[in-house]
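Trainee: Please take me through the pockets in this model. I would like a close look at what lines them.

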Amino acid sequence: MSNMVNRNHNISSKSNNDILIGAAISLIFPVIAWMIDIFTHNLTVSISTIKEMHLNNPVIWIIDFAPIIFIIIIYIYYLKRKKDREAFQKIIEQRNADISRNATFAKQIGEGKYDVQYKLDENDILGKSLLVMRDNLLASNRKEKDDNWISDGRDLIQNILRIQNNINVLTYDVIVQLIKYIDVIQGAFYIYNEEEDKLINLATYAYNRRRYINQEFKVGYGLIGQCAYEKDIVYRTEIPNDYATITSGILGDKKPASILIVPLITEEKLQGVLEFASIKSEFPHLTITLLKELGEIIARTLYNLKMNQKTERLLEESQQMTEVLKENEEELRQNAEEMRATQEELEISNKKLEGQIKEVENAQKRLHSLLENASEVISIYDSELKLIYQSPSVSKILGYTPEEMMSGKDMDRLTAKGEAAMKEMFDLVLSDPETARTIQYTYIKKDGKKIHIETTGRNLLHDSAINGIILNSQDITERKRAEKEERMKSKMQSLSENSLDLILRMNTKGQFFYANPVVEDFIGTKSKDVINSRLEDLAIDEVLINFFKDSIRHIRKTNQKLNQEITIPTISKGQRIMSFNAIPEFNENELETVLFVGHDITEAKEIELEIKEKNNKINESINYAQRIQSSILPSTTLIQEHLPKSFIYYLPRDVVSGDFPWFFKKDEILYVAAVDCTGHGVPGALLSFIGYFQLNNIVDHDINFTAGQILDNLHFGVRTTLKQDRIDAEARDGMDIALLRINLQKKELQFAGAHRPLFLLRNNLLEEFKGNRKAIGGIPHRKIAEKDFENHVIEIKKGDKIFFFSDGLPDQIGGTEGKKYSPQRIRDNILENKELTMQQYASLFSADFKKWRGKNKQIDDVLLIGIEF
């Protein structure tokens, strides 16, 4: 401002100077006119001459007065300019004042003082603009506060919904927090029971304490039922006198002035009703807006909790049914296995009956030959138990030379038990020289073969000819074997006599040489009366006689064992189904007798029929489970609606699968995963339901979870569901997974994996992103803290191709060398065919997998997903 005044003062001084200079210059013109006139008329310069010029030439007078007129004009102009400058100065000062006032006002607005008073000039455009800006900022600030209030309320309730899984606790916490947050006196939470079509009060809170009110409303009855029926908010400011006790069920110390009833609806389905009462005349619009938003959020959580509870109940029932089926199946399998084992034992026993006789005879011959051709090993030890003599026969029996035995091999090749027996024998013969001691032990020959040795020790230290402890050792390996065979023979004879199977031996002419006691149950004749009789001499059923004759003819023709099932009548048990084995017995390559072993399989056949029937029911259950699983899994068509260039190669090993693709969309975020549950078939499918619903709940609760955080939540969710976080946990089941979180708008891809990788093909190069080396679920390590799942963030570029898969594809055995398909083969197929489209990749992997597997059995479920951006 002072600069502007100084500037104006300088301008004024300069103008005064200009006027004086102009006046001085204007006075020169008359003098010049005089001089011109003097010189023109050759006059002398004098005052008289000047007077004469003025008298003779009037123009001179005009020239003389011209400076005066000029000065007057300049002065008038100066006065006008001065007045204009003073007016302009006032305008400038007014503008400066306006600018200063507006600057102060703008500063107050910037400091958030929106209620400051401001005197506005009609011509102050900037002031008007600042007022408009203040009003807009004030409105924006109020809206932001309102939005923040709604957001804080939503976050408060969402936090309760996220941490609570118990509906009773959840409803109480929600109603208490809402009453406090929106500042009302009373509130009630009603849950909709779909089966009974009524609303049940689970939580009531009034006047800062909990009220226990058991109240129910049919849909359409009362304001609660009306709200549920219309699926819309009910807002009343005129309250009937009897409303609190008859209609709403809210008991208060003071009649409310207004009530608000909010339905809880998600996907057009009613989940419950919230009821609030206030002593204020009306509910703020902001409160109604908040409750409308929370209505759907709470409804969705209730729906998920109900579905989770239903799923857990179904899973528990399914697990119980599976356990029962497994127990029945195992029991039946064990019974069948025991019957087969018994039958096989009898077959082996009968095969060995004749062979054992020959073995015993051969053993006797071998033993006789050994006794004739082999001598004992004679060893002499001194009083210090040092070997001082070894007979040469040791080379034939033990394989070592006498020198090797005397260098320590006598004890080195003994077993620990043999060493103990030898030491005990030495101690006994030293303490009691008159008594010989005999021991048996195992010795390892030079060729590594173990043999049984029997050694008799005598103390002859007193004998001057021997002067030592003499040991007589012989190889009793063959004798041991013969003894064992004799025991087996006796055991087999006892087994035959006590067997429940029918055992008969007859020659090719139909004469019986042996019959065990069971024969009496079938033909009514004791076994002793059957022996040496012929088929025609006994009262045997026609079917059995024909079977014996046909079997003998078959064996005489083929010399091969025969097995056949026939139904025959019995004396005590009626019609029985028998499985007969007809076994040829030869003597010097000539058929001598036929051994018939008949096993009663009537109960086994009945069990077999029962097993078939149960298997059919199990298969029907599994097929139904497959239809349920297929109904919840995403199809290729669904994924291609959002990711057109994609494919799913899905090949379950059994009817139902432990591997499953998963897809979920929320707002602009797409979630895709390849999940591999522990096992396959029914157990794997049960785990897949847990994984499917856990994933849905996690991503539906919070859209901001990264891929790594989703796997962290899934990890702990599976552990909690399977009770693996308990100290007595035994179930180690879990799942591997490759999970993608895709934001096409931001061109961002997030990946996290549990034992599974992600392959990215970009610019003809293949990059692998590895998952964490841990599975989802499983019993936690009690001493080592687990790391969170790593979250990979990848920028999506046009033309990128990604592939992720379960381990069923790389682990498949096949090829010419019977090796695994391997991740390297997957890489090679991608790189060698990088120009293919996604559909062509799907055909490529399908054909290559079938070719690789060949005739090998598929070992696991196979899942491969490919996406091109």
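Mentor: What follows covers the largest pocket, then the second largest pocket, then one glutamate. Keep in mind that this is a predicted model.

Start with the largest pocket. It holds about 1500 Å³ of space. Four elements give two or more residues to its lining: α4 (125–163), α8 (285–373), α18 (681–701) and α19 (707–721). The lining has 45 residues in total. Nearest the centre lie Glu312, Gln694, Gly717, Thr720 and Thr721. The biggest contributor is α8, with 14 residues. By class, the lining splits into 17 nonpolar, 18 polar and ten charged residues.

Now the second largest pocket. Its volume is about 920 Å³. Here the elements giving two or more residues are α8, α16 (602–632) and α18. The lining counts 30 residues. Ser318, Ser621, Ala625, Val682 and Leu686 lie nearest the centre of this pocket. Again α8 gives the most, this time eleven residues. The class count is 19 nonpolar, seven polar and four charged.

So which elements should you trace through both linings? Follow α8 and α18: each gives two or more residues to the largest pocket and to the second largest pocket.

Last, the glutamate. Glu585 sits in strand β16 (residues 574–587). Its relative accessible area is 6%, under the 20% cut-off, so Glu585 counts as buried. The Glu585 side chain has a polar partner: it contacts the side chain of Thr593 at 2.4 Å.

Definitions and conventions
Residues are numbered from 1 along each chain as its sequence is written. This is a predicted model: local features need pLDDT of at least 70, side-chain atom pairs count only at pLDDT 80 or more; totals for chains, interfaces and linings use all residues. Side-chain values use heavy atoms; hydrogens and water are left out. Buried means under 20% relative accessible area, exposed over 50%, partly exposed in between (1.4 Å probe, protein chains only). A polar contact is a pair of N or O atoms within 3.5 Å; within protein, one must be able to donate a hydrogen and the other to accept it, and residues adjacent in sequence count only if both atoms are side-chain atoms. On a 1 Å grid over the protein atoms alone, a cavity is a set of points where a 1.4 Å probe fits but cannot get out, and a pocket is an open set with protein on both sides within 12 Å along at least five of seven lines; lining residues have an atom within 4 Å of a point. Grid points are joined across faces, edges and corners, and a volume is the space filled by probe spheres set on the points. Ala, Val, Leu, Ile, Met, Phe, Trp, Tyr, Cys and Pro count as nonpolar, Asp, Glu, Lys and Arg as charged, and the others, Gly among them, as polar.
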